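Thanks for coming. Please have the sequence and the model open side by side, and stop me if you lose track of a strand.

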Amino acid sequence: MTDNTVQIALQDEDATAALAHKIAPHLAPGDVILLEGPIGAGKSVFARALIRFRLGRMEDVPSPTFTLVQTYDAPDGDIWHCDLYRLTHPDEAFELGLEDAFSTAICVIEWPDRLGAYIPENALNMTFSAREIDHVVTINMSKNWRERLGDLHE
């Protein structure tokens, strides 16, 4: 791993939620988190835990697979949870209003590859993968994200 890459083993859904709880307090409107990985790797589990933490309450957080976007009114600004799996062209993402959300909301994006060249350059990129006995997440972060998040292994 490089200085900008961290890899964390996630033994179960509780470990995935714990990671979301470590990251959530450091987020602010204008932050974008990109969740990559195959179906069943933990992206939605992470997103659900992060959103509930930011809301400060238990909330039904369905996967936006069919709605494409679910928005939540958090105390310090909106959270957009997007699942772009069904998009066929990057321009479709902006028909959803993502361009404005990237600067005014916390955006959690599943299947960010559908954005093509429109991926925000300051985004936190998290790649989830399933292994035989656990899951692992590889987090690529800029210097800014490293300063904000510190050591996620702690």
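Which residue in E5 is the bridge partner of His 81? The partner is Val 108. Before going on, note that this is a predicted model.

I will use that pair as a way into the sheet. Strand E4 covers residues 77–83, and strand E5 covers residues 106–110. E4 and E5 run parallel and are joined by five bridges. A second contact you can look up is Trp 80, which stands opposite Cys 107 in E5.

Now E4 on its own. Five of the seven residues of E4 are buried, so the strand is largely enclosed by the rest of the structure. E4 also pairs with strand E3, residues 69–74, this time in the antiparallel sense, over six bridges. Val 69 has Cys 82 in E4 as its bridge partner. How many residues lie between E3 and E4 in their hairpin? There are two.

Next, E5. This strand is mostly covered, with five of its five residues buried. Which residues of E5 point one way, and which the other? Ile 106, Val 108 and Glu 110 point one way, while Cys 107 and Ile 109 point the other way. In a regular strand, side chains alternate between the two faces of the sheet. Here the residues on both sides of E5 are buried.

E5 has another neighbour, strand E2, which spans residues 32–36. E2 and E5 run parallel, with four bridges between them. Leu 35 stands opposite Glu 110 in E5.

From E2 we can step on to E6. E2 and E6 also run parallel, joined by four bridges, and Ile 33 stands opposite Leu 124 in E6. E6 then pairs with strand E7, residues 135–140, in an antiparallel arrangement with six bridges. Ser 129 stands opposite Val 136 in E7. E6 and E7 form a hairpin too, with four residues between them.

That is the sheet. Now the aromatic residues.

The structure holds four aromatic pairs. One of them is Phe 46 with Phe 128, a tilted pair at 5.7 Å centre to centre, with 55 degrees between the planes. Why is this pair of interest for the fold? Phe 46 lies in helix H2, residues 43–55, and Phe 128 lies in strand E6, residues 124–130, so the pair ties together parts that are 82 residues apart in sequence. Phe 46 and Phe 128 are both buried.

Elsewhere, ring pairs link Phe 94, Phe 102 and Tyr 118 into a cluster. There is also a charge over a ring: Arg 148 lies over the face of Trp 145, at 4.2 Å from the ring centre.

Let me stay with helix H2 for a moment, at Phe 53. Is Phe 53 buried or partly exposed? Phe 53 has a relative accessible area of 38% and is partly exposed, because that value falls between the 20% and 50% cut-offs. Ile 23, in helix H1 (residues 13–23), is buried, with a relative accessible area of 0%. The C-alpha atoms of Ile 23 and Phe 53 are separated by 9.8 Å, and the two residues are 30 apart along the chain. Between Phe 53 and Ala 24, 29 residues apart along the chain, the C-alpha separation is 6.7 Å.

Last topic, the pocket. About 180 Å³ of space lies in the largest pocket. Of the 12 residues that line the largest pocket, the closest to its centre are Ile 39, Ser 44, Asp 83, Glu 110 and Trp 111. By type, the lining divides into four nonpolar, five polar and three charged residues.

You have met Glu 110 already, as one of the buried residues of E5. Trp 111 is in the loop between E5 and E6. Trp 111 is buried as well, with a relative accessible area of 16%. What is notable about the phi of Trp 111? Phi is near 60 degrees, a positive value in a residue other than glycine. Most residues other than glycine have a negative phi.

To finish, go back to where we began and find His 81 with its bridge partner Val 108. Then follow E5 along to Glu 110, among the residues closest to the centre of the largest pocket. Questions are welcome now.

Methods. Residues numbered from 1 in each chain as written. Predicted model: local features only at pLDDT ≥ 70, side-chain atom pairs only at ≥ 80, totals over all residues. Heavy atoms only, no water. 1 Å grid on protein atoms, 1.4 Å probe; cavity = no way out; pocket = protein on both sides within 12 Å on 5 of 7 lines; lining within 4 Å. Points joined across faces, edges and corners; volume = space filled by probe spheres on them. Nonpolar A, V, L, I, M, F, W, Y, C, P; charged D, E, K, R; others polar. Phe/Tyr/Trp six-rings, centres within 6.5 Å; stacked < 30°, edge-to-face > 60°. Buried < 20%, exposed > 50% of the residue type's maximum accessible area, 1.4 Å probe, protein only. Lys NZ or Arg CZ within 6 Å of the ring centre and 35° of its normal. Pairing = 2+ DSSP bridges.
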